[in-house]
Amino acid sequence: MDFSKASKADLELMRTVPEVDVKHWFAEILGEPQVPKDWGGEQYDLWTRHVSVQGEPVRAAFAFKGPARFRQMQIADLGINGDQILRLAESPADLLVVQHCHSISSRVEHMLKTIATSPSHVRRYMLIDGFCNCRDSEALQLPNYHLQNVT
C-alpha cells in the first residue's frame, strides 16, 4: 500500500474514532475473538497469535493510543510513567506493534526499535500512525464513521 498520499485533512478524520473502536477493528481483521478491556497499567491492549510474517505464525502484542491526545505521539504519552513500550516488551511477543491516531515521533520509534532489537530478545516491531489508518480506512471498513474523503 502507498500511505504517502494521506493528508492532514485525512488525518483529522481520526480525531473522531475512539481507541476502543480501533482495537476492535484490528481484532476483527486478525480474527482475534478476545479483546481485553482497558485498564491502567496493562501489559498490552491486544494479544494475538493470528499474525504471520512471511508465512510463519508469530505472537503479536499491540499498544493502541486514541484521540484523547490528538497530536504527535511522544514518549510521555505512553502511560503515566512513559513505560507502555517497556510493558509491551515484557510480553513473549515476537512482534511489538504501536498504533496511534496521529503521527509518531522519532523518539518513540527509536525507543521501540532499541527495545525490539535488544540482543537478549530480538524481535520484529511495527508502528502504525494515523496516516496509515486513514489510507487503509476503506479496507478496514470502519463502521459508523463518514470517511468518504479518504481515497
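Which residue's backbone oxygen lies 2.8 Å from a polar atom of the side chain of Arg123? The residue is Ala89. The model discussed here is predicted.

## Overall fold

The chain contains six helices and four strands. From the N terminus onward, these elements follow the order α-α-β-β-α-β-α-β-α-α.

Of the 151 residues in the chain, 47% are buried. Among contacts between residues at least 6 apart in sequence, 64% join residues at least 24 apart. The accessible surface of the chain is about 8,700 Å², and carbon and sulfur atoms account for 52% of that area.

## Position of Arg123

Arg123 sits in the loop between α4 (106–116) and β4 (124–128). Leaving aside residues up to four places away in sequence, Arg123 touches Ala89, Ser91, Ala93, Asp94, Leu96 and Ala116.

## Charge and polar partners

Arg123 is buried but forms no salt bridge. The nearest side chain of opposite charge belongs to Asp94, 7.2 Å away. A salt bridge would need a side-chain nitrogen of Arg within 4 Å of a carboxyl oxygen of Asp or Glu. Asp94 is nevertheless among the residues that Arg123 touches.

Polar partners of the Arg123 side chain include a backbone atom and another side chain. The backbone oxygen of Ala89 is 2.8 Å from a polar atom of the Arg123 side chain, and Ala89 also appears among the residues in contact with Arg123. The side chain of His121 makes a polar contact with the side chain of Arg123 at 3.2 Å.

Definitions and conventions: Residues are numbered from 1 along each chain as its sequence is written. This is a predicted model: local features need pLDDT of at least 70, side-chain atom pairs count only at pLDDT 80 or more; totals for chains, interfaces and linings use all residues. Side-chain values use heavy atoms; hydrogens and water are left out. Helices (H or I, at least four residues) and strands (E, at least two) are DSSP runs, numbered from the N terminus. Buried means under 20% relative accessible area, exposed over 50%, partly exposed in between (1.4 Å probe, protein chains only). Contact means heavy atoms within 4.5 Å. Accessible areas come from the Shrake-Rupley method with a 1.4 Å probe; for residues, only the protein chains shown count as cover. Lys and Arg count as positive and Asp and Glu as negative; His and the chain ends are not counted. A polar contact is a pair of N or O atoms within 3.5 Å; within protein, one must be able to donate a hydrogen and the other to accept it, and residues adjacent in sequence count only if both atoms are side-chain atoms.
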